[in-house]
Amino acid sequence: MKATVGVVIRPAEKADMAAIRGLVRLFPQQLVQQNLPRIPSFLVASASGKLVGCCALQIYSKRLAEVRSLAVHPDFQDHGVASMLVERCTQRARERGIKELFAVTSQSSFFRRLGFATFRREKTAMFLELIPPSAR
Ligand SMILES: CC(C)(COP(=O)(O)OP(=O)(O)OC[C@H]1O[C@@H](n2cnc3c(N)ncnc32)[C@H](O)[C@@H]1OP(=O)(O)O)[C@@H](O)C(=O)NCCC(=O)NCCS
């Protein structure tokens, strides 16, 4: 992956939350808008002081965590920013001893490129919808 000049990936700070919400709001079809992960779960991508991407690592247990709320501003897409964010999330998960990461996404080719798989060792991810998406 080419380095993305001028883009810095860093842990989110309290003051970033409004900009994170603004980014997530750009993608109502793809991203859950309510109950966002808390600030310490987020990594952000910043370019010249402007927040251009975000991604959260939501930890569910000692073994399992989810990559959530991944968004990159349209002006900064296709330059590897999301890849860098997910790689940093993966690194954070490894450091915490997490064994498995998952993502619920429509961007399967993007996640596949980063090593995620739908099937693994005879296992398949399955969902049971308890509430229709429109009511969430
Ligand atoms: C999905 C999303 C996060 C991708 O962000 P992005 O920063 O454009 O992602 P990347 O640049 O890392 O990768 C996108 C493509 O650019 C290509 N790319 C990666 N690095 C690149 C670089 N340095 N230069 C040019 N192209 C590059 C990749 O091949 C990739 O193609 P692929 O998707 O076919 O694998 C972004 O489109 C988005 O915010 N979408 C709306 C929200 C969403 O769907 N989020 C995911 C739900 S969890």
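A salt bridge here is a side-chain nitrogen of Lys or Arg within 4 Å of a carboxyl oxygen of Asp or Glu. The structure is a predicted model, in which local features need pLDDT of at least 70 and side-chain atom pairs count only at pLDDT 80 or more, while totals for chains, interfaces and linings use all residues. Residues are numbered from 1 along each chain as its sequence is written, and side-chain values use heavy atoms, with hydrogens and water left out.

**Stop 1: the salt bridges**

Select Lys123 and Glu100. Their side chains meet in a salt bridge, 3.5 Å from N to O. The pair links distant parts of the chain, with Lys123 in strand β7 and Glu100 in strand β5 (residues 100-102), 23 residues apart. Helices (H or I, at least four residues) and strands (E, at least two) are DSSP runs, numbered from the N terminus.

For cover, three words are used: buried means under 20% relative accessible area, exposed over 50%, and partly exposed in between (1.4 Å probe, protein chains only). Lys123 is partly exposed at 42% relative accessibility, and Glu100 is partly exposed with a relative accessible area of 27%.

Next select Asp16 and Arg10. These side chains also form a salt bridge, at 2.8 Å from N to O. Asp16 is buried, with a relative accessible area of 9%, whereas Arg10 counts as partly exposed at 23%. The count of salt bridges in the model comes to 2.

**Stop 2: strand β2 and its partners**

Select residues 42-47, which make up strand β2. How many of its 6 residues are buried? The count is 6 of 6, and the strand is mostly covered. In a regular strand the side chains alternate between the two faces of the sheet. In β2, Phe42, Val44 and Ser46 point one way, while Leu43, Ala45 and Ala47 point the other way.

Now add strand β1, residues 7-11. Two strands pair if DSSP finds at least two bridges between them. β1 and β2 pair in the antiparallel sense over 5 bridges. To see one position in this pairing, select Val7, which stands opposite Ala47 in β2.

Then add strand β3, residues 50-59. β2 and β3 run antiparallel and are joined by 6 bridges. Here Ser46 stands opposite Leu51 in β3.

Follow the chain from β2 into β3. The two strands form a hairpin with 2 residues between them. Ser48 is in the loop between β2 and β3. Ser48 has a positive phi of about 50 degrees, although it is not a glycine. Is Ser48 buried or exposed? Ser48 counts as exposed, at 80% relative accessibility.

While β3 is in view, pick out Gly53, which is found in this strand. Gly53 counts as buried, at 0% relative accessibility. For a sense of scale, draw a line from the C-alpha atom of Gly53 to that of Ser134: the two atoms are separated by 26 Å, and the residues are 81 apart along the chain.

**Stop 3: the ligand**

Select the ligand and the residues near it (those with a heavy atom within 4 Å of it). 19 residues surround the ligand, and the closest are Leu70, Asp78, Gly80, Ser83 and Arg113.

Three polar contacts (pairs of N or O atoms within 3.5 Å; within protein, one must be able to donate a hydrogen and the other to accept it, and residues adjacent in sequence count only if both atoms are side-chain atoms) can be visited here. A backbone N or O atom of Leu70 lies 2.8 Å from a nitrogen atom of the ligand. At His79, a backbone N or O atom is 3.2 Å from an oxygen atom of the ligand. At Ser83, a polar side-chain atom lies 2.4 Å from an oxygen atom of the ligand. Taken alone the ligand exposes 930 Å², and the protein buries 80% of that. Accessible areas come from the Shrake-Rupley method with a 1.4 Å probe; for residues, only the protein chains shown count as cover.

Stay with Asp78, in the loop between β4 (64-72) and α2 (81-95). Asp78 has a positive phi of about 65 degrees although it is not a glycine. Asp78 is exposed, with a relative accessible area of 79%.

**Stop 4: a nonpolar patch**

Finish by selecting Leu128, Leu130 and Ile131, which make a nonpolar surface patch of about 380 Å². Patches are made of residues with over 30% relative accessible area and no salt bridge; like charges are joined within 9 Å, and nonpolar side chains (Val, Leu, Ile, Met, Phe, Trp, Tyr) within 5 Å. Leu128 lies in the segment after β7 (123-124) and is exposed, with a relative accessible area of 74%.
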